[in-house]
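Hi everyone, thanks for coming. Today I'd like to talk about pockets, so have a look at this one with me.

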Amino acid sequence: MDFYLDTAQLEEVRAAAAWGVLRGVTTNPSHMARAGVRESEMRRHVQELCWIADVPISVEVVALEADGMVAQGLDFATWSPHVVVKLPTTVEGLKAMARLSRSKVTASCQGCTHLTDCPIRARFAQQQRLIRQPEINATLIFTVNQALLALAAGASYVSPFVGRLDAVGEDGVALVADLAQILRVQQQPGKIIAAALRHPVHVTAVARAGAHIATMAYTILTQLIEHPLTTAGLEAFLQDYRRSQEER
């Protein structure tokens with residue numbers, strides 16, 4: 001299972017990327033607002049995320065009708081070859097998914113401060129992947145049927161919101177498990193991004209349930225590596241080492 005960060009904070013992405021485990025970033029309008037990013041600054045901000053992490057970056061539209069979603073999605077896809085267009089799983093969202101997934105767009109990276117001699121863009125150019133059909137992340141999924149419809153419409157990723165289901169008395173992990181089983185049985189392409197994870201137990205549970213990706217806040221990612229016995233064991237080893245040096 002891949003680990004994604006659900007954030008728009010540059011420093012959080014920089015810190016997670018340094019661990020060597022970060023495989024993607026998911027953003028949304030709320031994350032952008034909390035990071036202090038205005039609409040006019042989104043392009044540069046997303047390009048900076050790409051430069052820092054060199055991983056897929058999901059960028060969410062704010063239009064509610066299909067025409068607006070498609071226009072925004074095509075624009076987002078020019079910002080970086082790493083951009084994944086994030087669309088809501090609604091009727092209008094399905095229409096936009098069908099149209100976007102069949103469109104061709106060039107990642108020109110216009111406006112990027114790292115454009116000159118950028119190794120990321122050069123790698124995509126060498127692989128002939130600058131001109132592409134945008135990948136789509138279908139978000140706000142709360143049922144298996146929503147996910148299946150999104151995949152049928154052309155989504156590459158589906159994002160069930162585990163924690164939000166738990167908060168209203170439903171079982172978010174069970175949704176991930178059901179969806180994973182159906183994808184296996186049907187041999188359906190597409191990846192499950194388990195989203196809205198609230199604690200480390202959620203991460204373990206969705207991995208067991210079959211999620212391909214878990215996206216989480218930076219605070220949860222840091223909790224995954226922490227354990228008091230690890231800290232205590234390391235300190236004991238170091239104390240023994242220091243004692244052995246003093247005895248010589």
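I'll walk you through two pockets, one after the other.

Before we start, keep in mind that this is a predicted model. And a quick word on the idea: rolling a probe the size of a water molecule over the atoms shows where empty space is left.

Okay, the largest pocket. Its volume is about 480 Å³. How many residues line the largest pocket? There are 27, and the ones nearest its centre are Asp6, Asn28, His31, Arg34 and Arg164. If you want to find the walls on your screen, look for helix 2 (29-34), strand 7 (136-141), strand 10 (213-216) and helix 11 (218-225), since each of them gives at least two residues to the lining. Which element has the largest share of that lining? That's helix 2, with four residues. As for the kinds of residue, the lining has 10 nonpolar, 10 polar and seven charged.

Now on to the second largest pocket, which holds about 280 Å³ of space. Here 18 residues make up the lining, and nearest the centre you'll find Glu39, Met42, Glu60, Val62 and Phe76. Helix 2 turns up again: together with helix 3 (42-53), strand 3 (57-60) and helix 4 (66-79), it is listed among the elements that give two or more residues to this lining. This time the largest share belongs to helix 4, which brings four residues. Sort the lining of the second largest pocket by class and you get nine nonpolar, four polar and five charged residues.

That's my tour, thanks for listening!

Conventions
Residues are numbered from 1 along each chain as its sequence is written. This is a predicted model: local features need pLDDT of at least 70, side-chain atom pairs count only at pLDDT 80 or more; totals for chains, interfaces and linings use all residues. Side-chain values use heavy atoms; hydrogens and water are left out. On a 1 Å grid over the protein atoms alone, a cavity is a set of points where a 1.4 Å probe fits but cannot get out, and a pocket is an open set with protein on both sides within 12 Å along at least five of seven lines; lining residues have an atom within 4 Å of a point. Grid points are joined across faces, edges and corners, and a volume is the space filled by probe spheres set on the points. Ala, Val, Leu, Ile, Met, Phe, Trp, Tyr, Cys and Pro count as nonpolar, Asp, Glu, Lys and Arg as charged, and the others, Gly among them, as polar.
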